[in-house]
Amino acid sequence: MSAGSHPGTRLGLLRRDRSGRWIAGVCAGIARRYGIDAALVRLAFVIATAAGGLGIALYALAWLVIPAGDAPRRRRLPTGRGAVEVALGTGLLLLSVLLAFRELGLWFSDPVVWPLVLIASGGALIWRGSATAAPAPAEAPTAPLVRKDEPERQRLAGVAAAASRTGLGIALVVAAGFAFLQATGALSAARDVVLTLVAVVVVLGAISAPWILRLVRSLTEERTQRIRSQERAEMAAHLHDSVLQTLALVQRRSGDPQVAALARRQERELRAWLAERPGPGRGSRLEPALEAAAAAVEESHGVPVEVVVVGDRELDPAVEALVAATREAMTNAAKFGAGSPVDVYAESNAGGLRVFVRDRGPGFDPSALPPDRRGVRESIVGRMRRHGGRATITSSPETGTEVELELPARSDR
Amino acid sequence: MRAGRPDIPALVAGLAILALGGVLLLDSLGAIELSFGWFAPLACAVVGAILLANGLARRE
């Protein structure tokens, strides 16, 4: 009767695990079935092979007897104290098998087998440590404003355990090397080589220590920045979905212009903070200056002013004049635009700076401006001309009014 | 007496120690010659079996 004919029995559930196989999936299948680490089972077969070649015969037999197929369910590996006990118990059982083989004479030689056992054990520990220490896929925090210390502590504990396993594995492999060299009488020759290597490593370490230290610090800082950036993005998404939407709703639904203006100012400040740029009026750059001017016009006239800036730049006297002209154009649009929203679009690039201020009011005839309207003539057109730029006003009853302010690059003024 | 599943780790430990005691008794009676070369793997097997049974049972 085949082993797979009784699915309810313990033996009936044993299958070769082809998905996790190295050769035929015997070790992976046994590990899955009994909920132990596959590395331990592989280690057992390797050690049994070292002691007289029995492992190969056992593996071949298991290959023939155990049917292939995916295991019905993946059992959780023992963790913590249970994992340590399973590993120690398996190790002691393997040791007993080895000692028994040695006593029976099924043995290659001590200088070969014991270092091989140590290397296999150390390799299994290193393998397990590297598998555990692999970073888990980043999960988006569901509540970014709440600190989650507990999962972080567990993650750090897992990393520490993996590091200690890896360290023990490396120590075992190094010990195996020493044991082999000692047994073969090559240790004294190797000692000179090792001393030379140690001296070279120490000298190179002393020379490159500052760079290594800087690299480590840089990597740490980069990681910190990345985490902060991710948290900030999560918080921005959260605020966008909640607070900013509410502020936008308040602006649309509120009948009180003052409440709408207040909500708009808060929205603007919050957006500036989320984008890590200075708030309106703070700093010496174009975008906050335009935002501040728009906020002031909104507060004075109760008309929403939407500002979009592409390509920020530092303020200089000419750019400050352009900001002042833009503010004047916004004020005119708010005063004469019949309450329509004012759109401001600014674009800065290597070729210069252009700002468009548009409203959807009734419009006017720019050529028929009365002489006493100094706001347009002096504060907008004249101001731009004095700083090497120009202002163009386009207006019609159908499309409203658009003021285009253009400032060429500094070298062309 | 409470009926239920047997305590596997205790059972394994008991049987292993019983086997070890049996072997030592046979050695004392002169029925077998137990050298250190055979006692060492036997002791390792007993301790290993107990630890393995405990470890596997702990995750249940």
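Author: A strand, in this text, is a DSSP run of E that is at least two residues long. The model we will discuss is a predicted one. Let's begin with strand β2 (residues 342–349) of chain A.

Reader: Gladly. Which residues make up the covered face of β2 in chain A, and which the uncovered one?

Author: Val342(A), Val344(A), Ala346(A) and Ser348(A) form the covered face. The uncovered face consists of Asp343(A), Tyr345(A), Glu347(A) and Asn349(A). In a regular strand, side chains alternate between the two faces of the sheet.

Reader: What makes β1(A) and β2(A) a pair?

Author: Two strands pair if DSSP finds at least two bridges between them. β1(A) and β2(A) have 6 bridges, in the parallel sense, so by that cut-off they pair. Across from Asp343(A) in β2(A) stands Glu306(A).

Reader: And how do you know that β3(A) and β5(A) pair?

Author: Strand β3 (residues 352–359) and strand β5 (residues 400–408) of chain A share 8 bridges, in the antiparallel sense. The cut-off is at least two, so they pair as well. One of the bridges joins Leu353(A) to Leu407(A) in β5(A).

Reader: Why is the pairing of the whole sheet called mixed, and what is the strand order?

Author: The open sheet has 5 strands in the order β1-β2-β3-β5-β4 (chain A), with mixed pairing. β1(A) and β2(A) run in the parallel sense, while β3(A) and β5(A) run in the antiparallel sense.

Reader: What makes β1 and β4 of chain A edge strands?

Author: β1 (305–310) and β4 (390–396) of chain A each have a single partner strand, so one side of each lacks a neighbour in the sheet. From one strand to the next, the twist averages 10°. Helix α11 (residues 374–386) of chain A packs on this sheet, touching β4 and β5 of chain A, and its direction makes about 135° with that of β4(A).

Reader: Over to chain B. Why are α1(B) and α2(B) called roughly antiparallel?

Author: Helix α1 (residues 8–29) and helix α2 (residues 36–58) of chain B have axes that cross at roughly 170° and come within 8 Å. Angles over 145 degrees count as roughly antiparallel, and therefore these two helices earn the name. By class, their contact has 15 nonpolar, 1 polar and no charged residues.

Reader: Why is Glu298(A) called buried?

Author: Buried means under 20% relative accessible area. Glu298(A) has 1% relative accessibility, so it counts as buried. This residue lies in helix α9 (residues 286–301) of chain A. Among the residues Glu298(A) touches, leaving out those up to four places away in sequence, are Arg264(A), Arg265(A) and Arg268(A).

Reader: How do you know which class Ala183(A) belongs to?

Author: Partly exposed lies between the 20% cut-off for buried and the 50% cut-off for exposed. At 45% relative accessibility, Ala183(A) therefore counts as partly exposed. Ala183(A) belongs to helix α6 (residues 149–184) of chain A.

Reader: What about the cysteines: why are Cys27(A) and Cys44(B) placed in the class they are?

Author: Cys27(A), at 6% relative accessibility, counts as buried. Cys44(B), at 14%, does too. Both values are under the 20% cut-off.

Reader: And how many disulfides does the structure hold?

Author: Over all chains, the structure holds 0 disulfides. To count as one, a pair of cysteine sulfur atoms would have to be within 2.5 Å.

How values were computed. Residues are numbered from 1 along each chain as its sequence is written. Chains are lettered from A and ligands numbered from 1 in the order in which they are written. This is a predicted model: local features need pLDDT of at least 70, side-chain atom pairs count only at pLDDT 80 or more; totals for chains, interfaces and linings use all residues. Side-chain values use heavy atoms; hydrogens and water are left out. Axes are lines fitted to C-alpha atoms, for helices over the stretch in contact, and angles run from 0 to 180 degrees between N-to-C directions. Helices (H or I, at least four residues) and strands (E, at least two) are DSSP runs, numbered from the N terminus. Angles under 35 degrees count as roughly parallel, over 145 as roughly antiparallel, 65 to 115 as roughly perpendicular and the rest as oblique. Ala, Val, Leu, Ile, Met, Phe, Trp, Tyr, Cys and Pro count as nonpolar, Asp, Glu, Lys and Arg as charged, and the others, Gly among them, as polar. Buried means under 20% relative accessible area, exposed over 50%, partly exposed in between (1.4 Å probe, protein chains only). Contact means heavy atoms within 4.5 Å.
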